[in-house]
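Student: I have a structure open and would like to go through it with you. Could we look at it piece by piece?

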Amino acid sequence: MCIRDRFILGRDARISGTIDGGPGGYDTLVLDASGGSVKAVGSDPHSGVIEVNGVRYVYAGLEPITITGAADLTVSGTAGDDTATLTASATSPGWFTFSGATFETVEFALPTGSLLIDALAGRDTITVANTYGALDFGAIGVTLKAETILVDGATLTTSGALALLAEATDNGATLISGVDYVTTASPSAIVRLLNGARVSGGSVTIKAQATSANTPPSEQLLILVVDAEALVEISGGSEVIATGGDATLASLVQVTASNPAVGNALFGSSSTNAAAAWAHVTTSSQVLVEAGSRVTATGAVLLQAATCLLYTSYWA
C-alpha cells in the first residue's frame, strides 16, 4: 500500500533533523514563506535543502516541493550535471515548475520581489519550454544561470529586468604519463532562442561567458589543449524585446594559461636536458541574430563579442 504524506511548513517553523517521507508513496512538502526570502537547492532526485530567511530545512524521500508566498526566490539544481526544464504550471495560473531527473521538482507561485533559477556547478542545461503556455513573471526581476540556456519556442516575459546568463568555467583535466603533463579544457557557454521564442523584459541581458585558467606544474614536456566557446544565438524567428531600457547581447571567451617547461634530472642534467611546451587553443565568441529574428529596445541595442587570450610559455 502506498501512503501519501504531506508536510506543511510556515515561515517561522523550526525543525531539527530531516523531513523524511520514507520509501514509497507520494510525499510532498508545502512551504508558505509569507514574504520571506527562500532558497531551494536539490541534492538528488528526492532530497535537498530549503532555506527560509536563513533557517535551513533538510528533506529526503519527497516528491514535489511546493513554495508559495516568497518575496525573493532562488531555485537551484545540484552540484553535478543537470538537465532541467522551466515551464508554466500545468494546472495553476501564476505558478511555475522547475524539474529535472537529477533533483526534486519544485513548483512555485510567482514571487513578489525576484526570481533566480541557478543550475549551480556541473555542466548544466536549462530549457524554457512552452509546454503549458507562456511564462509571465509580472514585474519582478528574473535571472536564469546555467552553462547552456535554451528558450525553445517559449514566451518569457516580465516588465522587470531579465537576464539569461550562460557561464562556463573549465580549468582543465590533466593526464600525467612519465614526464609528460597533458591538460585539456573545453568550457562552453551557450544561450539560444529558437523556434519563434519571445523574450521580453524592462531591460534584457543575454550573456554567454566561457572561462579557462590553467597553470600546470613544471615538467619536461607540457601539452595544453583548450577549446572554448561562447555563443548567443537568436534564430528561427525569435524575438528579444526590452520594453523599458537596453537590450544587451554579449559573448566573451577568456583563456589564461602558462606552460613552465623544465629539464628533468631523470634524463641526465636538468640544466642541459631538453624541455618543450606546446599549446593548442581554439576560441569562438559569437553573437548571432539570424534573418527573420529581431532585437528591439526602447533604449540601446548592444551586441558585443570578445576574446581575451593570455598565454605564457617558458622553460628553465
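Student: Which residues is Glu 107 in contact with, leaving aside its neighbours within four places in sequence?
Tutor: Glu 107 is in contact with Pro 64, Ile 65, Thr 66, Ile 67, Trp 95, Phe 96 and Thr 97, where contact means heavy atoms within 4.5 Å. This is a predicted model, in which local features need pLDDT of at least 70 and side-chain atom pairs count only at pLDDT 80 or more, while totals for chains, interfaces and linings use all residues. Residues are numbered from 1 along each chain as its sequence is written, and side-chain values use heavy atoms, with hydrogens and water left out.

Student: Where does Glu 107 lie, and why does Glu 107 count as it does for accessibility?
Tutor: Glu 107 lies in strand β11, residues 103–109, strands being DSSP runs of E with at least two residues, numbered from the N terminus. Glu 107 counts as partly exposed because its relative accessibility is 31%; buried means under 20% relative accessible area, exposed over 50%, and partly exposed in between, with a 1.4 Å probe and protein chains only.

Student: Ile 67 was in that list, so what does Ile 67 touch?
Tutor: Not counting residues up to four places away in sequence, Ile 67 touches Leu 31, Val 38, Ala 40, Leu 73, Trp 95, Val 106, Glu 107, Phe 108 and Ala 109.

Student: And which residues touch the most other members in the largest nonpolar core?
Tutor: Ile 67, Phe 108, Leu 164, Leu 193 and Ile 206 do, in a core of 67 residues. Strand β24 (residues 221–234) gives the most to this core, with six residues. A nonpolar core is a set of buried Ala, Val, Leu, Ile, Met, Phe, Trp, Tyr and Cys residues joined through side-chain atoms within 4.5 Å.

Student: New topic: which way do the side chains point along β15?
Tutor: They alternate along β15 (residues 141–146), with Val 142, Leu 144 and Ala 146 buried on one face, while Gly 141, Thr 143 and Lys 145 point to the other and are not buried.

Student: In what sense does β15 pair with β12 and with β18?
Tutor: Strand β12 (residues 114–118) pairs with β15 in the parallel sense over five bridges, and β15 pairs with β18 (residues 161–169) in the parallel sense over five bridges. Two strands pair if DSSP finds at least two bridges between them. Ser 114 stands opposite Gly 141 in β15, and Lys 145 has Leu 165 as its bridge partner in β18.

How values were computed
Helix = DSSP H or I, 4+ residues; strand = E, 2+ residues; numbered from the N terminus.
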